[in-house]
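Welcome! Let us sit down together and learn how to read a protein model, one feature at a time.

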Amino acid sequence: QYDDEDLRVKTQRPRSADQPGVFQAQTGDPAAEEWSQWSVCSLTCGQGWQVRTRSCVSSPYGTLCSGALRETRMCNNTVSCPGEPGIISSVEGQWSEWGPWSRCSVTCNSGVQQRQRRCSASVHGWAECKGPHQESRECANPSCSGGNWGSWNHWSLCSKTCDSGWQRRFRLCEGTGPQGYPCDGSAEEVRSCNEKKCPAPHEICKDEHLLSMSWKRASAGETVYNKCPTNATGSASRRCMLDNNGVAFWGPPSFARCVSLEYRYLHLSLREHLAKGQRTLAGEGMSQIVRSLLELLQRRSYYSGDLLFSTEILRNVTDTFKRATYIPAPDDVQKFFQVVSHMLDLENLEKWEDAHQVAPGAALLMRILEDFIHLIGEAQKPFQSFLVVTNNLMVTIQREPVSAVSSDINFPMKGRRGMKDWARTSEDKLYIPKKVFTSPTEEAEAESDTTMYYVIGAILYRTLGLILPPPIPPAVINSKILTVTVRPEPQLSEPMVELELSPLLNIPECVVWDYGNPEAGAENWATEGCQTLASNTVHTKCRCSRISSYAVLAQQAKDPDMGPTSMPSVPLMVGCGVSCTALLILLLIYAAFWRYIRSERSIILVNFCFSILASNLLILAGQSQTISKGLCAVTAAFLHFFFLASFCWVLTEAWQSYLAVIGKTRSRIIRKRFLCLGWGLPALVVAVSVGFTRARGYGTASYCWLSLEGGLLYAFVGPAAVIVLVNMLIGIVVFNKLMSRDGISDKSKKQRAGASLWSSCVVLPLLALTWMSAVLAITDRRSTLFQVLFAVFDSVQGFVIITVHCAMRREVQDAVRCRMGGCKDDSENSPDSCKNGQVQIMKCAGASVCGQQHGSRHSTPLCLSGCHPQPLPPTCHQTCQQACYHSLPRNDCNYGLDHNHAHEHIPILNNTHNHAHNHISNRAVCQRQKSLMIHS
């Protein structure tokens with residue numbers, strides 16, 4: 001555990017502004033300050049001294065203290081020291097072993113070598129050894145036959161920065177020998193340097209300008225340092241890394257050592273409050289610091305270094321509250337927990353990962369929060385409980401008498417007002433029987449003489465498991481973190497603390513957090529003192545014998561590569577490829593026969609296919625773009641839009657069939673409403689979601705889709721569920737209309753409405769299953785099952801769409817027959833009835849019936865089914881009959897038919913329709929034509 005001295009504000013001297021971790025927290029009233037304990041005697045024998053001190057903070061305008069700040073007194077030990085007069089000393093220091101001989105003082109002729117030894121202290125704390133501490137001896141060298149060499153100069157710069165260069169250094173010969181010979185040996189020395197291999201061009205990160213900072217080129221593995229942005233102080237760093245293919249790329253910049261100016265100013269304000277001469281003023285100043293810190297964090301524009309700096313500020317605030325015995329107001333307590341909650345927000349995950357390279361800030365934050373809980377709990381009334389629920393943590397504090405704890409501890413308590421949705425639906429539980437608190441330890445009993453109360457705190461962290469440094473791979477934190485803190489701490493003789501935690505993966509293992517390790521990291525989670533119980537439910541049951549922080553670990557398979565060149569999985573590529581191929585074939589067929597099958601239903605189908613095609617392409621693109629946060633967010637937003645658009649176009653088809661059933665004429669306004677429903681409604685939902693969340697939650701570090709945290713997923717699930725429900729209601733109405741006796745009398749309308757209804761009933765459930773499996777496959781890339789399910793559903797969806805809307809659609813079949821020359825007259829003299837895509841009108845034997853009475857102004861006579869001398873093929877007969885039947889003005893010939901049907905479903909007959917309007921001008925001709933058609 002952390003030593004209390006480490007967590008206490010230092011009182012001996014103020015620190016500089018460059019050392020923000022420790023601050024003074026004293027008042028100027030010496031009577032209010034307590035003297036420290038007397039120090040240990042300065043000597044272990046004989047007459048020594050003891051010292052005690054007290055601290056006082058001085059303002060810039062003079063000291064506020066009176067009286068001495070340091071006192072000394074003699075300490076007379078009864079032990080006599082060896083060596084005093086009249087005492088025979090039998091104890092002396094011990095010599096250590098002799099050190100090695102030094103080099104000879106000269107390189108030629110005779111010189112001197114030396115060696116030394118040290119005297120170690122005796123058990124009484126003083127050192128006196130007999131004998132010399134240094135020895136010398138003579139050393140013999142070859143005779144000097146030449147001059148003497150001077151000292152070597154410094155090594156030169158390496159000739160190469162890589163691929164093994166050379167360094168040189170030189171020395172001068174000083175004079176010559178007695179016989180005039182120069183110095184023996186070489187005047188130059190060479191050695192190799194920079195032997196590492198030079199990086200290839202693809203192993204070098206190029207110059208880059210990012211975030212108003214210029215990053216110079218560097219080879220893979222090097223770290224480049226730069227100044228922090230202008231609104232912060234400190235240094236930023238960035239590392240050049242290699243991907244799996246050996247290509248260099250810049251890693252994200254690290255701002256763990258950058259502190260914003262606003263946080264620096266807040267630190268200066270904190271020091272000003274600490275310098276105040278009264279405890280109450282200092283405590284009120286700390287409350288103001290908490291409020292200011294909350295305002296800064298709510299702006300959500302800070303660096304990873306600001307999170308570490310905020311942790312230090314909270315530490316000093318808590319220590320000041322403790323030393324000043326100041327209890328903050330309930331509103332300030334809420335703000336303190338809100339500050340911690342904002343710091344633990346999931347959007348800060350990358351910042352915490354960056355910060356943990358410098359210091360274990362999240363683990364220190366856990367300890368600070370526990371100290372603050374006990375500070376608040378000690379001021380509560382007995383049997384009083386306190387509950388705080390924020391977006392990322394839930395805290396309960398209660399104070400119970402040591403002699404009689406009222407009831408068992410259950411956390412969290414359900415049904416409390418003010419609970420957030422995540423806390424209300426949480427299935428994590430803690431149970432501590434009250435008998436745990438009936439037998440405190442001896443230390444607790446000694447402390448109970450003054451406190452007489454247990455302060456029991458419980459914290460459920462929503463996101464801390466993702467923020468803390470991960471355990472040793474392949475283990476991962478597999479649940480929320482639940483912390484229990486009790487002071488004075490009871491000593492459990494057997495495992496009594498029971499927990500139920502909801503794991504996210506299989507093979508769970510209960511662990512506890514070890515506060516004894518000062519370097520918070522992978523080794524802090526331990527299984528000692530906590531056992532995993534067998535359970536048939538989806539929860540993991542634990543029974544522990546320690547009061548600490550608890551979690552569940554699981555063995556996780558290696559994550560898929562999420563680098564910049566990562567590829568989607570094979571099932572995703574197969575499913576999306578098969579579906580896209582089927583839809584492209586359908587669109588090509590519709591493009592080839594568009595002049596024959598153009599209709600509202602065809603336009604709706606084309607838009608529907610386009611939305612599914614775009615969704616499949618975005619799914620594949622999103623799996624390989626998670627390295628870019630901005631591009632991932634854009635991909636997630638468009639994927640949200642096209643998923644909703646596919647549901648909306650199915651709803652549009654249902655609406656179109658409903659209008660056909662009730663016989664309402666479709667105008668341009670209604671057709672525009674189709675487009676607004678198909679594309680406008682999804683765009684509105686996505687725009688509202690992006691504006692409301694400021695794009696937070698669109699794209700995560702693992703996938704390009706809506707984040708599962710924060711409820712953003714309801715922006716897709718909610719509208720999709722409403723669309724499915726409305727589609728079902730429309731389907732029921734259309735089905736009842738088709739099956740009722742007094743329903744639709746027109747067979748063509750009945751066929752079209754039935755085809756649309758059948759298409760919706762088949763495509764909509766398959767669409768829902770496909771996108772549901774797609775969401776599961778995107779969010780959990782480790783699960784092969786979800787990816788295979790998506791591949792199956794997506795492939796089947798493509799085949800079903802091309803079957804229902806192409807192979808089984810009557811209009812497509814008729815168009816193919818006409819295009820292939822399948823509707824010709826049996827008569828030799830009769831031209832093709834569907835030649836070149838235009839309906840050819842057969843000449844009639846009784847020409848006086850339909851056109852020649854009025855004189856045709858066109859070369860092509862009217863198509864009248866009663867005029868054909870010989871029967872036509874059924875398809876062309878029906879087409880020709882419908883064209884003539886609808887070519888008559890309804891205000892003159894009220895046959896009860898839909899005038900727009902020929903325009904919408906038989907556009908190739910529009911020319912014939914115009915001919916009919918030019919030649920038929922009186923009601924008598926219409927009545928005669930009606931009679932002929934009835935006979936035919």
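What follows is a short dialogue between a learner and a teacher about this predicted model.

Q: Before I look at details, what average pLDDT does the protein have?
A: The average is 75, and 70% of the residues score at least 70. Some stretches fall lower: over residues 58–63 the pLDDT is below 50, and beyond near neighbours in sequence this stretch has two contacts in the model. Residues 558–565 also have a pLDDT below 50, with 16 contacts beyond near neighbours in sequence. As a general idea, where pLDDT is low, the predicted coordinates should not be read in detail.

Q: Which residues does the UniProt annotation "transmembrane region" cover?
A: The unreviewed UniProt entry gives this annotation to residues 570–591, 603–621, 627–652, 673–692, 712–735, 756–778 and 784–807. Such annotations may be inferred rather than shown by experiment, and it is a good habit to look at the model alongside them. Residues 570–591 are 100% helix and 0% strand, and their end C-alpha atoms are 31 Å apart. Residues 784–807 are likewise 100% helix and 0% strand, with end C-alpha atoms 33 Å apart.

Q: How many aromatic pairs does a search of the whole structure find?
A: The search finds 20. One of them joins phenylalanine 337 and phenylalanine 372, with 5.6 Å from centre to centre and 80° between the planes, an edge-to-face arrangement. Phenylalanine 337 belongs to helix 5 (residues 330–343) and phenylalanine 372 to helix 7 (residues 361–377), so the pair ties together parts that are 35 residues apart in sequence. Both phenylalanine 337 and phenylalanine 372 are buried. In general, a pair of aromatic rings is described by the distance of the centres and the angle of the planes.

Q: Why is the pair of phenylalanine 610 and tryptophan 679 edge-to-face?
A: Planes over 60 degrees apart count as edge-to-face. Here the ring planes of phenylalanine 610 and tryptophan 679 stand at 75°, with centres 6.1 Å apart, so the pair is edge-to-face. Phenylalanine 610 lies in helix 13 (residues 600–622) and tryptophan 679 in helix 15 (residues 668–693), so this pair ties together parts 69 residues apart in sequence. Phenylalanine 610 is partly exposed, at 48% relative accessibility, and tryptophan 679 is partly exposed at 21%. Ring pairs also link Phe610, Phe641, Phe642, Trp649 and Trp679 into a cluster.

Q: Where does the charged end of arginine 171 sit?
A: Look over the ring of tryptophan 149: the charged end of arginine 171 is 4.3 Å from the ring centre. You can find another case at tryptophan 155, where the charged end of arginine 191 sits over the ring, 4.1 Å from its centre.

Q: How many residues does the largest nonpolar core have?
A: That core has 65 residues, and those with the most contacts inside it are Phe608, Ile619, Phe643, Trp705, Phe716, Trp771 and Ile801. Helix 14 (residues 629–662) gives the most to this core, with 16 residues. Take phenylalanine 716 as a place to zoom in: not counting residues up to four places away in sequence, phenylalanine 716 touches His640, Phe643, Leu644, Phe647, Trp705, Leu706, Trp771 and Val775. Apart from the largest core lies another, of 61 residues, among them Phe309, Val340, Leu364 and Val511.

Q: Is threonine 540 buried or exposed?
A: Threonine 540 counts as buried, because its relative accessibility is 3%. Threonine 540 is found in strand 30 (residues 540–544). Leaving aside neighbours within four places in sequence, its contacts include Leu499, Cys510 and Val552.

Q: Which peptide bond near proline 412 is cis?
A: The bond from phenylalanine 411 to proline 412 is cis, with omega near -5°. Proline 412 lies in the loop between strand 21 (409–411) and helix 8 (421–424). A cis peptide bond also joins arginine 487 and proline 488, with omega about -5°. Proline 488 lies in the loop between strand 25 (481–487) and strand 26 (497–501).

Q: What phi does serine 164 have?
A: Serine 164 has a positive phi of about 60°, although it is not a glycine. Serine 164 lies in the loop between strand 7 (148–149) and strand 8 (165–170), and is partly exposed, with a relative accessible area of 31%.

How values were computed: Residues are numbered from 1 along each chain as its sequence is written. This is a predicted model: local features need pLDDT of at least 70, side-chain atom pairs count only at pLDDT 80 or more; totals for chains, interfaces and linings use all residues. Side-chain values use heavy atoms; hydrogens and water are left out. Helices (H or I, at least four residues) and strands (E, at least two) are DSSP runs, numbered from the N terminus. Rings of Phe, Tyr and Trp (its six-membered ring) pair if their centres lie within 6.5 Å; planes under 30 degrees apart count as stacked, over 60 as edge-to-face and the rest as tilted. Buried means under 20% relative accessible area, exposed over 50%, partly exposed in between (1.4 Å probe, protein chains only). A charge sits over a ring if NZ of Lys or CZ of Arg is within 6 Å of the ring centre and within 35 degrees of the ring normal. pLDDT is the predictor's confidence in each residue, from 0 to 100. Contact means heavy atoms within 4.5 Å. A nonpolar core is a set of buried Ala, Val, Leu, Ile, Met, Phe, Trp, Tyr and Cys residues joined through side-chain atoms within 4.5 Å.
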